[in-house]
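Me: Got a structure open here and want to talk through it with you. Can we start with the odd backbone spots and then move inward?

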Amino acid sequence: MDLRNVAIIAHVDHGKTTLTDQLLYQSGQFRDAELDKLAGGQHNLVMDTGDLERERGITITAKNCSVVYAPPAPEGEPAKEPVKINLIDTPGHADFGGEVERVLSMADGVLLVVDAAEGPMPQTRFVLGKALGHGLKPVVVVNKVDKPDARPDWVVDQVFDLLAALEADDDALDFPIIYASAKNGWADHALDGPRRNMQPLFETIVEDVPAPKVENPDPDAPLQLMVTSLAFSEYTGRIAIGRVHRGTMTPGTTVSIVNRAGKVSRQKTARVEVFSGLGRAEADAVTAGDLCAISGLDPIDIGDTVCALDAPEALPPVAIDEPTVTMT
Ligand code: GDP
């Protein structure tokens with residue numbers, strides 16, 4: 001399936017959760033039970049699962065989710081292929097452990113969600129700078145345009161100024177703009193658009209975020225995946241999350257793991273999952289470009305490369321500059 005990996009950057013309260021829920025909801029992925037949960041106002045659970053983070057001291061960095069968008073076919077034309085969109089949750093501020101860089105290394109573009117009244121906040125500047133540094137182009141979502149004090153044109157100018165200050169190139173400065181009211185479930189290219197649904201945002205993601213760059217598309221090429229975040233399950237222990245760089249990730253497979261010190265260990269993968277809706281779904285094979293979660297590997301750490309058994313080649317580490325900026 002066609003694929004997009006997009007990281008969402010937003011200042012707290014600017015609507016990341018609401019927007020994500022709407023994308024999930026409108027992509028038709030919710031089962032009824034999940035809808036009920038939403039109706040019960042528990043939707044904040046969607047992107048905020050920090051329990052184990054506290055419990056184990058393991059940073060659960062990527063609270064990712066995934067939607068499948070089926071573009072409507074124009075009259076008389078054949079149906080278009082559905083597109084899977086991995087939405088990668090990004091910390092909205094500077095961190096001191098390289099979390100932002102690692103999360104961004106899984107993405108091919110970013111959604112910058114900005115409140116239509118408040119404009120971009122200083123805390124997101126750092127993350128946005130990192131995204132630009134990784135060559136990721138932003139799609140700007142001016143959210144909450146329904147608010148009486150919304151000033152979307154001013155907000156767009158502010159975003160432009162911010163990007164210019166971060167020395168964004170002309171391509172990034174020419175960012176696509178979506179005006180949205182996530183709360184009301186619509187997004188448009190123009191402020192006076194038809195305000196029907198989120199489809200314009202889906203279309204923009206598909207058109208403006210590049211498909212994953214894969215150096216070697218051969219699914220039989222030797223596997224390589226860098227672990228960019230960890231989760232934890234009571235039942236299976238550590239769960240390694242990352243983007244398949246090369247080859248195919250499969251369950252029940254003996255792999256070589258090269259740790260950051262270059263030491264190689266042999267381990268066997270148990271369950272392999274892809275992101276699906278709010279959760280994860282078991283997968284038989286995950287090919288290059290897609291994100292996956294692997295259980296059964298322990299010891300495993302962020303920065304380790306999971307490789308084909310007979311090709312233990314580490315991927316280059318994600319470049320991390322510790323932030324020197326002062327947060328305001
Ligand atoms: P997050 O912290 O970025 O995940 O923000 P949330 O999605 O939790 O939203 C923060 C608050 O803004 C909540 O009270 C939402 O109901 C509200 N909100 C989100 N989107 C919109 C919108 O489009 N319009 C208005 N008026 N409020 C919104």
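Me: Where does Glu167 sit?

Reply: Glu167 is in the loop between α6 (152-165) and α7 (170-173). Bear in mind that this is a predicted model.

Me: What's phi doing at Glu167?

Reply: Phi of Glu167 is near 60°, a positive value in a residue that isn't glycine. Most residues other than glycine have a negative phi.

Me: Is Glu167 buried or exposed?

Reply: Exposed, because Glu167 has 73% relative accessibility and the cut-off for exposed is over 50%.

Me: Which loop holds Arg195, and what's phi there?

Reply: Arg195 is in the loop between β7 (186-188) and α8. Its phi is positive, about 55°, although Arg195 is not a glycine. Arg195 counts as partly exposed, with a relative accessible area of 37%.

Me: Which peptide bond is cis, going into Pro299?

Reply: The one from Asp298 to Pro299, with omega near 10°. Pro299 is found in the loop between β16 (291-295) and β17 (305-308). Most peptide bonds are trans.

Me: OK, switching to the ligand. How many residues surround it, and which are closest?

Reply: There are 15 residues around the ligand, and the closest are Asp13, Lys16, Thr17, Thr18 and Asp146.

Me: What's the mix of nonpolar, polar and charged in that shell?

Reply: Two nonpolar, seven polar and six charged.

Me: Which side chains have N or O atoms close to a ligand oxygen, and at what distances?

Reply: A polar side-chain atom of Thr17 is 2.4 Å from an oxygen atom of the ligand. For Thr18, an N or O atom of the side chain is 2.5 Å from a ligand oxygen. Asn143 has a side-chain N or O atom 3.2 Å from an oxygen atom of the ligand.

Me: How much of the ligand does the protein bury?

Reply: The protein buries 76% of the 580 Å² that the ligand exposes when taken alone.

Me: Which element gives the largest share of the shell?

Reply: Helix α1 (residues 16-26), with three residues.

Me: And how enclosed is α1 itself?

Reply: Largely enclosed by the rest of the structure, because eight of its 11 residues are buried. The buried ones are Lys16, Thr17, Leu19, Thr20, Asp21, Gln22, Leu23 and Leu24.

Me: Same thing for α8, how many of its residues are buried?

Reply: Seven of the 10 residues of α8 are buried, so the helix is largely enclosed by the rest of the structure. Those residues are Pro200, Leu201, Phe202, Glu203, Thr204, Ile205 and Val206.

Me: Pick out Thr204 for me. What does it touch?

Reply: Leaving out residues up to four places away in sequence, Thr204 touches Val139, Pro176, Ile178, His189 and Val209. Thr204 lies in helix α8 (residues 199-208) and counts as buried because its relative accessibility is 3%.

Me: How many aromatic pairs are there in the structure?

Reply: One. The ring centres of Tyr69 and Phe202 are 4.6 Å apart and the planes are at 0°, so that pair is stacked.

Me: Which elements does the pair link?

Reply: Tyr69 is in strand β2 (residues 65-69) and Phe202 is in helix α8, so to speak two distant parts of the chain, 133 residues apart. Both Tyr69 and Phe202 are buried.

Me: What about Leu111, what's around it?

Reply: Leu111 is found in strand β4 (residues 109-115) and is buried, with a relative accessible area of 0%. Beyond residues up to four places away in sequence, its contacts include Val6, Ile8, Leu19, Val139, Leu201 and Ile205.

Me: And Asn86, which side chain does it make a polar contact with?

Reply: The side chain of Asp290, at 2.9 Å. Asn86 is in strand β3 (residues 83-89) and is buried, with a relative accessible area of 0%. Outside its neighbours within four places in sequence, Asn86 is in contact with residues including Leu3, Arg4, Cys65, Phe275 and Leu291.

Me: Last thing, how many helices and strands overall?

Reply: Eight helices and 17 strands. Buried residues make up 52% of the 328 residues in the chain.

How values were computed. Residues are numbered from 1 along each chain as its sequence is written. This is a predicted model: local features need pLDDT of at least 70, side-chain atom pairs count only at pLDDT 80 or more; totals for chains, interfaces and linings use all residues. Side-chain values use heavy atoms; hydrogens and water are left out. A residue is near a molecule or strand if one of its heavy atoms lies within 4 Å of it. A polar contact is a pair of N or O atoms within 3.5 Å; within protein, one must be able to donate a hydrogen and the other to accept it, and residues adjacent in sequence count only if both atoms are side-chain atoms. Accessible areas come from the Shrake-Rupley method with a 1.4 Å probe; for residues, only the protein chains shown count as cover. Helices (H or I, at least four residues) and strands (E, at least two) are DSSP runs, numbered from the N terminus. Ala, Val, Leu, Ile, Met, Phe, Trp, Tyr, Cys and Pro count as nonpolar, Asp, Glu, Lys and Arg as charged, and the others, Gly among them, as polar. Buried means under 20% relative accessible area, exposed over 50%, partly exposed in between (1.4 Å probe, protein chains only). Contact means heavy atoms within 4.5 Å. Rings of Phe, Tyr and Trp (its six-membered ring) pair if their centres lie within 6.5 Å; planes under 30 degrees apart count as stacked, over 60 as edge-to-face and the rest as tilted.
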